[in-house]
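Me: I should like to work through this protein step by step. Please take my questions in order and end each reply on the value or name requested.

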Amino acid sequence: MAVRRVIRMGHPVLREVARPLAPDEIGGESVARLIADMTDTLRDYGGIGLAAPQVAEPVRLAIIEIPGGPTRYGEILTMPLTVFINPVIEVLDPAPAGYWEGCLSIPGLRGYVERPQHVRIRYQTERGDPAELELQGFLATVLQHEFDHLDGVL
Ligand code: NI
């Protein structure tokens, strides 16, 4: 395991559409190493979410980990370390909620972004199992932010 460098706005990989991970890759050694490295990196940088393109790996994988306690966004919420592979978002309520979003690839800046506040995420786990999550409010925003990275959107 290792902390990787988070690439910053201006790096071409951040503008790429990442490729899906194939079934025979998920659970394999190189994806497991990438997940372990991304976990170390997320914790080292003190972030709550990280997408693989941010460590210059253009594949559809993101991790979220929100430890307990109040966030700088004012809401108290938690999410254990969760790995999202090949995620697909379904909007359940398009009514937007706005948050000041930060990004490890754009240090020092925050931008006010409005997004649908109620979504369902279908994805595969690190073992390749299908899974889904329904999220509202801030968590819905966090996930949509990370998944934007998989489509080359900052
Ligand atoms: Ni980001």
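Reply: For the charge count, Lys and Arg are taken as positive and Asp and Glu as negative, whereas His and the chain ends are not counted. The model is a predicted one.

Me: How far apart are the mean positions of the positive and negative charges of the protein?
Reply: The protein carries 14 positive and 21 negative charges. The distance between the mean positions of these two sets is 5 Å.

Me: In what order do the elements of the protein run from the N terminus?
Reply: The protein contains 2 helices and 5 strands. Read from the N terminus, their order is α-β-β-β-β-β-α.

Me: What is the radius of gyration of the protein, and why does it count as compact as a globular protein of that length?
Reply: For 154 residues the globule rule gives 15 Å, and the protein is close to this, so it is as compact as a globular protein of that length. The C-alpha trace spans about 40 × 35 × 30 Å along its principal axes. The radius of gyration itself is 15 Å.

Me: Among contacts between residues at least 6 apart in sequence, what percentage join residues at least 24 apart?
Reply: Buried residues account for 47% of the 154 residues. As for the contacts between residues at least 6 apart in sequence, the share that joins residues at least 24 apart is 62%.

Me: Which residues are the protein donors of the nickel ion?
Reply: Along the chain the donors follow the spacing C-x41-H-x3-H. The donor atoms, one SG and two NE2, lie 2.1 to 2.3 Å from the nickel ion. The residues are C103, H145 and H149.

Me: How many residues apart in sequence are the parts that the pair C103 and H149 ties together?
Reply: C103 lies in the loop between strand 3 (79-102) and strand 4 (110-124), while H149 belongs to helix 2 (residues 137-150), so the pair ties together parts distant in sequence by 46 residues.
The relative accessibility of C103 is 13%, which counts as buried, and H149 is buried at 2%. The separation asked for is thus 46 residues.

Me: Which residues does A140 touch, apart from those up to four places away in sequence?
Reply: A140 lies in helix 2 and is buried, with a relative accessible area of 0%. Its C-alpha atom is 8.5 Å from that of R120, 20 residues apart along the chain. The residues that A140 touches are P116, Q117, V119 and L135.

Me: Is T41 buried or exposed, and with what relative accessible area?
Reply: T41 is part of helix 1 (residues 29-45). Leaving aside neighbours within four places in sequence, T41 is in contact with A2, V3, R4, V6, L50 and V55. T41 is buried, and its relative accessible area is 1%.

Me: What separates the C-alpha atoms of H11 and A56?
Reply: H11 is found in the segment before helix 1, and A56 in the loop between strand 1 (49-51) and strand 2 (61-66). H11 is partly exposed at 28% relative accessibility, and A56 is partly exposed at 33%. Though 45 residues apart along the chain, their C-alpha atoms are separated by 8.6 Å.

Me: What is the phi of N86?
Reply: Most residues other than glycine have a negative phi. N86, found in strand 3, is buried, with a relative accessible area of 17%. A56 has a positive phi, near 65 degrees. N86 is not a glycine, yet its phi is positive, at about 50 degrees.

Conventions. Residues are numbered from 1 along each chain as its sequence is written. This is a predicted model: local features need pLDDT of at least 70, side-chain atom pairs count only at pLDDT 80 or more; totals for chains, interfaces and linings use all residues. Side-chain values use heavy atoms; hydrogens and water are left out. Helices (H or I, at least four residues) and strands (E, at least two) are DSSP runs, numbered from the N terminus. The radius of gyration is taken over C-alpha atoms; the globule rule is 2.2 Å times the number of residues to the power 0.38. Buried means under 20% relative accessible area, exposed over 50%, partly exposed in between (1.4 Å probe, protein chains only). Contact means heavy atoms within 4.5 Å. The place of a charge is taken as NZ of Lys, CZ of Arg, CG of Asp or CD of Glu. Donors are N, O and S atoms within 2.8 Å of the metal (3.2 Å for Na, K and Ca); water is not among the atoms, so sites may look incomplete.
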